[in-house]
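User: Could you take a close look at the largest pocket for me? I'd like to know what lines it and what sits around its centre.

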Amino acid sequence: MPFFIASSPHVRMKRTTSNIMMWVALCLLPAIAVQTYFFGYGVLIQVTFAIFIAWLLEALVMLVRRRPILASLRDHSALVTGMLIAVAIPPLSPWWLLAIGIFFAIVIGKHLYGGLGQNLFNPAMVAYVVLLISFPLQMTSWITPESITSVHLHFDDCLKLFFTGFNADGLSLQQVRAGIDGVTMATPLDTFKTSLTTGLLPSEIMQQPVFSGVAGVGWQWVNLAFLLGGLVLIKQRIVQWQIPLSMLASLFIISTICSLILPGTTASPMMHLLSGATMLGAFFIATDPVTASTTTKGRIIYGAFIGILVFLIRSWGGFPDGVAFAVLLANMSVPLIDYYTKPRTYGHAR
């Protein structure tokens, strides 16, 4: 075996960007499968369409920038971005909503800053926040879970709803989204938060059809699937454990304290952990190596900061789920966090 003499830094990275992104994509598949089981074929249609649009926009941008197109597509970053946006927005959202989101993610959030590795903010969360602020109705209306819906959709129905807004029976997307009680479905977090404002007690809220177990019909299983994929990423050393652990721990601790001090004003700690985009954010969003903190202590502070912000936004903010806003605010704080947590240089005098 030949012996090589090289200058510092003496660090070898065995994993390529393509390999890392492919592992992230593979670890998203269990959650996509579970989400499809509970919310229908619309999830698969969105994921497929999102990947296609992401590849198309990536190729067009690289063509305009006069950069190698195939090399950019082979790093699979556009693939992962499309998948993340697709699973984050409500199933069967209009195709143009998904296309707008991916445009902002790929063109604005990523390439406007210089491309992969130079973006200041997580591109998928940039897209999500833009869509949420611009189209709040579409972004907060979810399909009723298959187990409690009165309208069961076949694949061709989902395909027609996605591209035309109507299914084979002539029902509009809004009519299909109306659950068994005729009211447009929202996420469990949104339903819980809205119900609190009407004076209902948490015990009364949890008796509504959308709730089952601790976090809502299907939602706890979707989050557990993201957790499973995230643990695989940690096992493969694709992501560092500090960010997910500190984010989930801070969210659990602050929600527990608030439940004890102000009972009946917020959701339970387990509901915070197993509902909404908690596990998706903890393992697949906050851990983005480009926009997250790079020091060991910094990752802990960064993750804890996100967890606290998620709880505050969910409990008293104007939006039902605060993961996207929390991540973007934490992205802004990364330079400051890294500055004050950078390790002491070896040999530095005290």
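Analyst: Here's a walk through the pocket, then one residue by its centre, then the cysteines. Keep in mind that this is a predicted model.

The largest pocket holds about 810 Å³ of space. Its lining is made up of 34 residues, and the ones closest to the centre are I20, T287, D288, P289 and V290. As for chemistry, the lining splits into 18 nonpolar residues, eleven polar and five charged. Several helices chip in: at least two lining residues each come from helix 1 (17–39), helix 4 (77–88), helix 6 (123–134) and helix 15 (278–285).

Let's zoom in on T287, one of the residues closest to the pocket centre. T287 sits in the loop between helix 15 and helix 16 (296–316). Its relative accessibility is 11%, so T287 counts as buried, the cut-off being under 20%. A polar atom of the T287 side chain lies 2.6 Å from the backbone oxygen of F283. Leaving out residues up to four places away in sequence, T287 touches V239, I243, P244, A282 and A292.

Now the cysteines, in case you're setting up bonds. A disulfide is a covalent bond between the sulfur atoms of two cysteines. This structure has zero of them. C27 has a relative accessible area of 4%, so C27 is buried. C258 comes in at 8%, which means C258 is buried too.

Methods
Residues numbered from 1 in each chain as written. Predicted model: local features only at pLDDT ≥ 70, side-chain atom pairs only at ≥ 80, totals over all residues. Heavy atoms only, no water. 1 Å grid on protein atoms, 1.4 Å probe; cavity = no way out; pocket = protein on both sides within 12 Å on 5 of 7 lines; lining within 4 Å. Points joined across faces, edges and corners; volume = space filled by probe spheres on them. Helix = DSSP H or I, 4+ residues; strand = E, 2+ residues; numbered from the N terminus. Nonpolar A, V, L, I, M, F, W, Y, C, P; charged D, E, K, R; others polar. Buried < 20%, exposed > 50% of the residue type's maximum accessible area, 1.4 Å probe, protein only. Polar contact = N/O pair within 3.5 Å; in protein donor to acceptor, adjacent residues only side chain to side chain. Contact = heavy atoms within 4.5 Å. Disulfide = S-S within 2.5 Å.
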